[in-house]
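Reader: I'd like to talk through the pockets in this one. Could you take me through them, starting with the runner-up?

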Amino acid sequence: MKNLFITTHGLKLSKSGSYLVVKGKDVNEKIPLGAFSNVFILSNVSMTTQVLKFLARNGKYVFIINTAGKLQSIILPEIVTSVTGNRARQYKKFEDERMRIYLSQELLLRKALLTQRFLKKFREAQGLDPQTHPYYRDFYKDVSGFIESARSIEQLRGIDGFIMRTLYNEFASSIEKFFSFKNRSYHPPEDEVNAVLSLVFSMFYSLLFPLIISYDLDPYVGFFHIKKGKHAILSSDLMELARPELIFFTADILNRGYFDQSDFKKFRSGIFLKPKATQVLCKLFMEKILFFDIFFPVEAFIKERILK
């Protein structure tokens with residue numbers, strides 16, 4: 001999946017035939033429509049309604065993400081349809097409390113297994129033998145019993161909190177030579193590490209929209225998370241299956257020295273990546289995340305649990 005990332009401020013987007021034209025002070029590019037799947041705008045740009053219609057008419061999603069890493073708006077392509085059979089079944093299935101608990105259990109069982117895999121990778125990346133630490137070796141076995149015996153969504157959310165604390169503890173230990181990480185903060189991020197995490201999570205969360213819609217499902221109707229404002233619950237639900245790998249990816253790029261303190265700008269409202277650093281992160285995200293199998297667990301869950 002190829003995506004176009006616009007990270008430079010002050011650019012102007014227009015169209016010329018079947019090309020998207022991007023112009024700025026040091027930029028003048030004509031990008032063929034077939035060269036990208038979606039457009040991510042992470043800077044202040046100007047574009048006409050003609051451009052938006054051009055992208056929508058040709059099946060392109062446009063995601064607008066602010067400097068804090070929050071998805072602010074989505075422009076949907078014209079191919080998106082109204083309610084279909086799959087969505088009707090989705091609405092009915094997610095209204096059933098027992099089904100919601102079952103789906104949440106299945107989601108967390110798969111997330112726990114993926115977490116064990118990446119806990120092992122965290123240890124190996126630090127030169128440690130994960131087999132000498134039974135806690136990580138037996139993580140799935142220990143956690144799965146609690147998941148299977150849970151009787152409410154609230155209990156399952158508590159278990160998910162434990163899984164995330166375990167991941168973030170290992171994450172913090174793995175990057176401590178270069179960055180400090182105490183806890184997750186967002187909207188806005190309070191430190192450099194959270195600035196990177198927020199942007200990584202938002203980009204992946206955005207890409208779940210076209211994936212979910214491709215299965216004729218509604219990204220705003222889910223079964224595990226709590227609805228907040230314009231929150232797309234199903235996107236957040238399914239993102240849990242990718243979160244362990246996204247956290248490991250973030251640790252990996254921080255440890256490899258792609259970013260240092262000079263790549264961030266501090267404001268009263270928070271800490272954000274500078275435009276050039278944002279461009280580097282988008283490139284790494286494309287190279288190291290989107291060309292691998294990170295979507296496989298998500299699609300498998302859709303096919304094996306939601307659509308059946």
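**Pockets and their linings**

Author: The second largest pocket holds about 490 Å³ of space. This is a predicted model, where local features need pLDDT of at least 70 and side-chain atom pairs count only at pLDDT 80 or more, while totals for chains, interfaces and linings use all residues. Residues are numbered from 1 along each chain as its sequence is written, and side-chain values use heavy atoms, leaving out hydrogens and water.

Reader: What makes something a pocket and not a cavity?

Author: On a 1 Å grid over the protein atoms alone, a cavity is a set of points where a 1.4 Å probe fits but cannot get out, whereas a pocket is an open set with protein on both sides within 12 Å along at least five of seven lines. Points join across faces, edges and corners, and the volume is the space filled by probe spheres set on them.

Reader: Which residues line the second largest pocket?

Author: There are 18, and Leu4, Phe5, Thr7, Glu29 and Gln279 are the closest to its centre. They count as lining because lining residues have an atom within 4 Å of a point. H10 gives the most, five residues.

Reader: Why is H10 called a helix?

Author: Helices are DSSP runs of H or I with at least four residues, numbered from the N terminus, and helix H10 spans 275–290, so the label fits.

Reader: And how much space lies in the largest pocket?

Author: About 1,300 Å³. Of its 36 lining residues, Tyr186, His187, His231, Ser236 and Arg243 are the closest to the centre.

Notes. Helix = DSSP H or I, 4+ residues; strand = E, 2+ residues; numbered from the N terminus.
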